[in-house]
Amino acid sequence: MKKFLSIFFSISIIFCFFTACSKDGSGEQMVFPIDSEPQYLDPQIVSEKGAANIIQNCFEGLVTYDESGKIIPAGCESYSVSPDGTTYTFSLRENAKWKVSSSAKALFAEGEFEKFDDRVTAADYVFAFRRVADSETGSPAFAYISSVKNAKRIHEGKLSKESLGVRAEGDFTLVIELERADGEFIFSLTRPAFVPCNETFFEMTKGRYCLSVSNIISNGPFFISNWADNTAITARKSDTYHSADSVLPSSVYFSFNNEKGTRGEKVKDGIYEVAPVDESQADELSAQKNITVRPIENSCFALLFNCSNDYLKNAYLRAALAASLEKKYFLEDGGEEASGIVPPSSTFSGASYRKRAGIVAFTDSGSKIAGKYLQKAQEALERESFSLSVLCDEENELNVRKVMQNWQSVLNVKSSITVEVVDSQTLLSRVESGDFQLAFSELLLDGDTAQSVLLRFSKNSANNVFGFSSNRYETLLTAAQNASDEREFLSALKAAERYLADNAVIVPIEKRNGYFAQAKGVSGVIYSPGGEFVYFRNAVKK
């Protein structure tokens, strides 16, 4: 490890020398940890958070977020919306170009590169949207464009993808037609799936698009210059970016590190410029001079159920446990009770979803109600007793044991409920991998929109660690996609959240924050509203 750090710092110093780091803090390399090495970096099918953040810095969609969370033009210079809200017209930047690295150039046959049109045109966006709409692509982002004309019928195989309501009018005008007004649509366009995709290059990769450096071209502030197995992905500043002069870092080094407990110390030591950290690390770093800690209301402390467990797949058993859960034990220190599964940071049509939807929580409580749920569970599972294990960390062990005493009383002495105490980092790791039956844990739900949070519980989501699968829930998500107006859309999302709450998939207990820590002198980092994405184009380190 020491040898690696020595090499790393040597490279950083050399790189900084040749890029002439300036006194205003520009020209520096930013180092940011992601949980694991991406399997691929194809924007239209990406689901891993780390890979998505790399894409957000190396590609650019039509719009993006500014530092205040406001939507601003990115790949377009401007856009307009028709009075009825169903037609979006984007005027693209005529100076936007694809960055073709030396590695990617090797993919071209002799004489082909000279003929390649490196302009980013409306046709590139059309091709990307068609890939998302085509069910054969398997894009997890289809839900975000379900309001686009003909999208649902294309996805169902009833129409060709060429009939999608996304068209190019010349090289630099893109028109998107919706079947209904959709106030969420412009926010959906900030997601990785809706960056452009050059069809000519895509076909040249022969099924290996974005699987390696040589199979990637990008149009964003940075481009992928190196992909070191098991170590990191380096993204260097792109000289072909339309606003290259405004991009301040020389590069971004995405370090693969799933040891989340080490991140705070590495920010303090200046190894990481920015890193997501947990609450304990955030508290420690807040006391450090010149280190900035950014809280985002995108987390909660909750009781989590693994719904794939032989017993806990039964909603009545989960409800019995939820109804006899004493939240007061965890709120005695003045914590604020969570008001829903979707956190306060998530938006709907640019405003707070939580404020518009109100409180959505599991409301049945008390031993009598719990007993009724238990009886139904016993009948459905054809057994009187259950063997369950509860995972928690040392900090919450005492309170969890108090809860378990009540559970033993409700479930009767024949049932066996044991507690497994692990350190906080192991707890988070096991929750994220789905390695638990029940768990009392902090849960980060950093979707920028309410829809993106609720889609996490879909049976097709790679981020569904709860083993939850429900045809009724899928129907409610589809109802949201098919909503005829904003009010119906909000109502459908609220119904989906209500279903999760009533079926006790998770029981939020206390509202908490997620945190990003910035090392000494670092500023200009942009976070999306829910902390789902981090943008480095304006970052500096003085």
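Around the second largest cavity of this predicted model sit 13 lining residues, and those nearest its centre are Cys-300, Ala-338, Gly-340, Pro-343 and Pro-344. Strand β12, running over residues 292-305, chips in the most here, with 3 residues. The space inside comes to about 80 Å³.

Now for the largest cavity. Its volume is about 140 Å³, and 17 residues line it. Closest to its centre you'll find Gln-56, Phe-59, Glu-60, Thr-64 and Tyr-535. Two elements, α2 (49-58) and β2 (63-65), each give two or more residues to that lining. Counting cavities of 30 Å³ or more, the structure has 6.

Here's how the two linings split by residue class:

| Cavity | Nonpolar | Polar | Charged |
|---|---|---|---|
| Largest cavity | 9 residues | 5 residues | 3 residues |
| Second largest cavity | 7 residues | 4 residues | 2 residues |

On to the cysteines. How many disulfides does the structure hold? The count is 0. Cys-58 is in no disulfide, and the nearest cysteine sulfur to its own belongs to Cys-210, 9.9 Å away. Cys-58 is also buried, at 1% relative accessibility.

Why does Cys-197 not form a bond with Cys-210? The sulfur of Cys-210 is the closest cysteine sulfur to that of Cys-197, but the gap is 7.2 Å, so it is too far for a bond; a disulfide needs the two sulfur atoms within 2.5 Å. As for exposure, Cys-197 has a relative accessible area of 0%, so it counts as buried, the cut-off being under 20%.

Notes:
Residues numbered from 1 in each chain as written. Predicted model: local features only at pLDDT ≥ 70, side-chain atom pairs only at ≥ 80, totals over all residues. Heavy atoms only, no water. Buried < 20%, exposed > 50% of the residue type's maximum accessible area, 1.4 Å probe, protein only. 1 Å grid on protein atoms, 1.4 Å probe; cavity = no way out; pocket = protein on both sides within 12 Å on 5 of 7 lines; lining within 4 Å. Points joined across faces, edges and corners; volume = space filled by probe spheres on them. Helix = DSSP H or I, 4+ residues; strand = E, 2+ residues; numbered from the N terminus. Nonpolar A, V, L, I, M, F, W, Y, C, P; charged D, E, K, R; others polar.
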